[in-house]
Amino acid sequence: MAGGLTLTGIVLKVAPVGDRDRHVVLLTRERGKIQAFARGARKQDSPLLGACQPFAYGTFQVFEGRSSYTITGADILNYFEELRTDLERICYGQYFCEVANYFTRENLPATAMMQLLYQSLRALTKDSLPPGLVRSVYELRMIALNGEAPQVYACVNCGAEGKTNYLSVRAGGLLCPDCRRLDPHGRELSDTTLYAMRFILSAPLQKLYTFVLSEEAQEELASVMKAYYRQYVDTEFQSLSLLEGL
Ligand SMILES: [Zn+2]
């Protein structure tokens with residue numbers, strides 16, 4: 001079939017089109033984010049019914065038309081059913097998809113972001129990991145993949161490597177005692193939170209969700225990430241207001 005492709009990806013977003021069809025935003029390894037139509041996918045007997053659901057991960061057969069893609073088949077490897085039965089985890093999963101949707105561009109390969117999303121959805125299914133911690137880890141690693149990692153090893157202004165735990169969200173990293181006047185609204189991080197940030201920014205993806213933190217450090221990290229996204233992310237995520245309403 002001319003124009004036929006097989007793409008590996010995760011469904012980020014689904015919207016109904018008319019009575020029968022669905023419009024799907026897919027984050028794929030090969031093409032980055034794509035918009036695709038799934039004809040007949042709203043019908044109960046459609047083979048695409050299950051594949052066109054948020055979080056569905058697998059391979060998708062698509063036809064590339066002149067201005068859009070059409071999904072013709074799918075082989076789903078993970079539906080993340082565990083997330084669908086817990087309202088809080090569904091909301092976190094939707095938030096992760098919304099964040100991925102925000103940071104990815106159409107037709108630009110996004111392998112690392114797709115893998116991070118997949119590992120993070122898997123981490124969300126684990127009862128041993130607090131979803132709030134998974135969220136902070138995902139947020140920090142995602143903003144780093146976008147090229148906006150905070151400098152957590154040296155002073156972001158002068159490069160001094162002496163010990164400092166003073167983090168300025170506005171400056172984008174640590175400030176040494178000589179430079180902290182640049183931002184009086186920075187905060188003194190605990191050693192634990194600072195080490196956690198270094199780990200999150202440097203760990204191999206497979207190891208990313210293998211640590212736990214005290215509740216105090218989790219709260220501090222969450223608060224840093226909230227401030228970071230307020231500063232660097234230019235959108236309101238709908239799923240966050242749902243989460244906060246729980
Ligand atoms: Zn400095």
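**Exercise 1. Determine which strands helix 2 lies across, and where helix 3 packs on the sheet.**

Solution. Step 1: helix 2 (residues 87-103) lies across strand 1, strand 2 and strand 3 (32-38) and runs at about 115° to strand 1. This is a predicted model, in which local features need pLDDT of at least 70, side-chain atom pairs count only at pLDDT 80 or more, and totals for chains, interfaces and linings use all residues. Residues are numbered from 1 along each chain as its sequence is written.

Step 2: helix 3 packs on the sheet and touches strand 1, strand 2 and strand 4 (57-64), its direction making about 60° with that of strand 1.

Step 3: the terms are as follows. Helices (H or I, at least four residues) and strands (E, at least two) are DSSP runs numbered from the N terminus. Residues are in contact if their C-beta atoms, placed from the backbone, lie within 7 Å. Axes are lines fitted to C-alpha atoms, for helices over the stretch in contact, and angles run from 0 to 180 degrees between N-to-C directions.

**Exercise 2. Describe the barrel and the pairing of strand 1 with strand 2.**

Solution. Step 1: five strands form a closed barrel in the order 1-2-3-5-4, with mixed pairing; strands pair if DSSP finds at least two bridges between them. From one strand to the next, the twist averages 50°.

Step 2: strand 1 (residues 4-17) and strand 2 (residues 21-28) run antiparallel and are joined by eight bridges. Valine 11 has leucine 26 in strand 2 as its bridge partner.

**Exercise 3. How do helix 2, helix 3 and helix 4 pack?**

Solution. Step 1: helix 2 and helix 3 pack at an angle of about 170°, and their axes are 10 Å apart. Helix 2 is therefore roughly antiparallel to helix 3, a label given to angles over 145 degrees, while those under 35 count as roughly parallel, 65 to 115 as roughly perpendicular and the rest as oblique.

Step 2: the residues of helix 2 in this contact include Tyr92, Phe96 and Phe103, and those of helix 3 include Met113, Leu117 and Leu121.

Step 3: helix 3 and helix 4 (residues 131-145) cross at roughly 175°, with axes that come within 10 Å. Helix 3 is therefore roughly antiparallel to helix 4. Among the residues in contact are Leu116 and Ala123 of helix 3 and Val134 and Tyr138 of helix 4.

**Exercise 4. Locate the largest nonpolar core.**

Solution. Step 1: this core has 67 residues, and those with the most contacts inside it are Ile10, Leu26, Phe96 and Leu117. A nonpolar core is a set of buried Ala, Val, Leu, Ile, Met, Phe, Trp, Tyr and Cys residues joined through C-beta atoms within 7 Å.

Step 2: helix 3 (residues 111-124) gives the most to the core, with eight residues. Domain 1 (4-79) and domain 2 (84-244) both contribute residues, so the core lies between them; the bounds come from an automatic or database domain assignment.

Step 3: not counting residues up to four places away in sequence, isoleucine 10 touches Leu27, Phe55, Tyr57, Met114, Leu117 and Tyr118.

**Exercise 5. Is phenylalanine 55 buried or exposed?**

Solution. Step 1: phenylalanine 55 is in the loop between strand 3 and strand 4. Its phi is positive, about 80°, although it is not a glycine.

Step 2: phenylalanine 55 counts as buried because it has 23 C-beta neighbours inside 10 Å. A residue is buried if 20 or more other C-beta atoms lie within 10 Å of its own, exposed if 12 or fewer, and partly exposed in between.

Conventions: Contact = placed C-beta atoms within 7 Å.
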